[in-house]
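Trainee: I should like to learn how to read the features of a protein model, one at a time. May we work through an example together?

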Amino acid sequence: MLERRRFNRSPYVMPVLCTALNVAVMLLFCGIFFYTLQTLPDTVPLHYSTGVGFDRWGDKTELYHLGIIPLVTTVVNTLLSILLIRKDLNWVVYFTNGITLFVTLTMALVAALMVSGAGNA
């Protein structure tokens with residue numbers, strides 16, 4: 001009979017990979033966002049209303065928070081994840097990483113909407 005080898009992996013591998021994926025997504029978004037922001041015209045759309053479309057325009061520097069919010073949440077989440085992994089609370093790590101990934105992807109969608117509006121102007 002063939003002997004089955006069991007793959008022994010540390011219980012910390014998946015939470016660390018989840019946190020690393022979160023950091024990679026944030027870095028990719030921030031890199032693309034801040035590069036694209038430099039190529040936009042000085043006046044860009046800042047608010048979207050479903051009934052009217054873009055109803056507020058302003059300076060492109062007002063869009064910086066779309067890149068800074070995911071950056072701050074990911075840094076805080078990474079520090080929190082390190083603490084939680086050490087405390088063996090992996091389920092909380094998955095939860096906080098999910099929230100942080102949601103924030104990053106939401107900011108990416110909002111940024112895409114604003115950039116597309118600036119391109120159509």
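**Reading the model feature by feature**

Mentor: Asn 77 counts as buried, because its relative accessibility is 3% and buried means under 20%. Please bear in mind throughout that this is a predicted model.

Trainee: Where is Asn 77 placed, and how many residues along the chain separate Asn 77 from Val 23?

Mentor: Asn 77 belongs to helix α2. Along the chain, Asn 77 and Val 23 are 54 residues apart, and their C-alpha atoms are separated by 9.3 Å.

Trainee: How should one describe two packed helices?

Mentor: The description of two packed helices rests on the angle between their axes and the distance between those axes. In this structure, the axes of α1 and α2 come within 10 Å and cross at roughly 165 degrees.

Trainee: Are α1 and α2 roughly parallel or roughly antiparallel?

Mentor: Angles over 145 degrees count as roughly antiparallel, and α1 and α2 are therefore roughly antiparallel to each other. The crossing in which α1 passes α2 is left-handed.

Trainee: Which separation in space do the C-alpha atoms of Val 16 and Ser 81 show?

Mentor: The C-alpha atoms of Val 16 and Ser 81 are separated by 8.1 Å, with their positions 65 residues apart along the chain. Val 16 is in helix α1. With a relative accessible area of 43%, Val 16 is partly exposed.

Trainee: Is Thr 104 buried or exposed?

Mentor: Thr 104 is buried, because its relative accessible area is 1%. Thr 104 has its place in helix α3. Between Thr 104 and Gly 67 the C-alpha to C-alpha distance is 8.5 Å, and the two are 37 residues apart in sequence.

Trainee: Let us turn to the backbone. What sign of phi do most residues other than glycine have?

Mentor: Most residues other than glycine have a negative phi. Asp 88 has a positive phi of about 65 degrees, although Asp 88 is not a glycine.

Trainee: Where is Asp 88 placed, and what is its relative accessibility?

Mentor: Asp 88 sits in the loop between α2, residues 65–86, and α3. Its relative accessibility is 47%, so Asp 88 counts as partly exposed.

Trainee: When can side chains of opposite charge pair?

Mentor: Such side chains can pair when their charged atoms come close. A search of the whole structure finds 1 salt bridge. The side chains of Arg 56 and Glu 62 meet in a salt bridge, at 3.4 Å from N to O.

Trainee: What are the relative accessible areas of Arg 56 and Glu 62?

Mentor: Arg 56 has a relative accessible area of 43% and is partly exposed. Glu 62, at 37%, also counts as partly exposed.

Trainee: Which residues form the nonpolar patch on the surface?

Mentor: A residue enters a patch only with over 30% relative accessible area. The nonpolar patch here is formed by Val 13, Met 14, Leu 17, Leu 89, Trp 91 and Tyr 94, which together have about 580 Å² of accessible area. Tyr 94 is partly exposed, with a relative accessible area of 38%, and lies in helix α3.

Trainee: Which helices each supply at least two residues of the patch?

Mentor: These are α1, residues 13–39, and α3, residues 90–120. The largest share of the nonpolar patch, 3 residues, comes from α1.

Technical notes: Residues numbered from 1 in each chain as written. Predicted model: local features only at pLDDT ≥ 70, side-chain atom pairs only at ≥ 80, totals over all residues. Heavy atoms only, no water. Patch = residues over 30% accessible without salt bridge, like charges linked within 9 Å, V, L, I, M, F, W, Y side chains within 5 Å. Areas by Shrake-Rupley, 256 points an atom, 1.4 Å probe, with all protein chains shown as cover. Salt bridge = Lys/Arg side-chain N within 4 Å of Asp/Glu carboxyl O. Helix = DSSP H or I, 4+ residues; strand = E, 2+ residues; numbered from the N terminus. Buried < 20%, exposed > 50% of the residue type's maximum accessible area, 1.4 Å probe, protein only. Axes fitted to C-alpha atoms, helices over the stretch in contact; angles between N-to-C directions. Parallel < 35°, antiparallel > 145°, perpendicular 65-115°, else oblique. Left-handed = near helix turned anticlockwise from the far one by under 90°.
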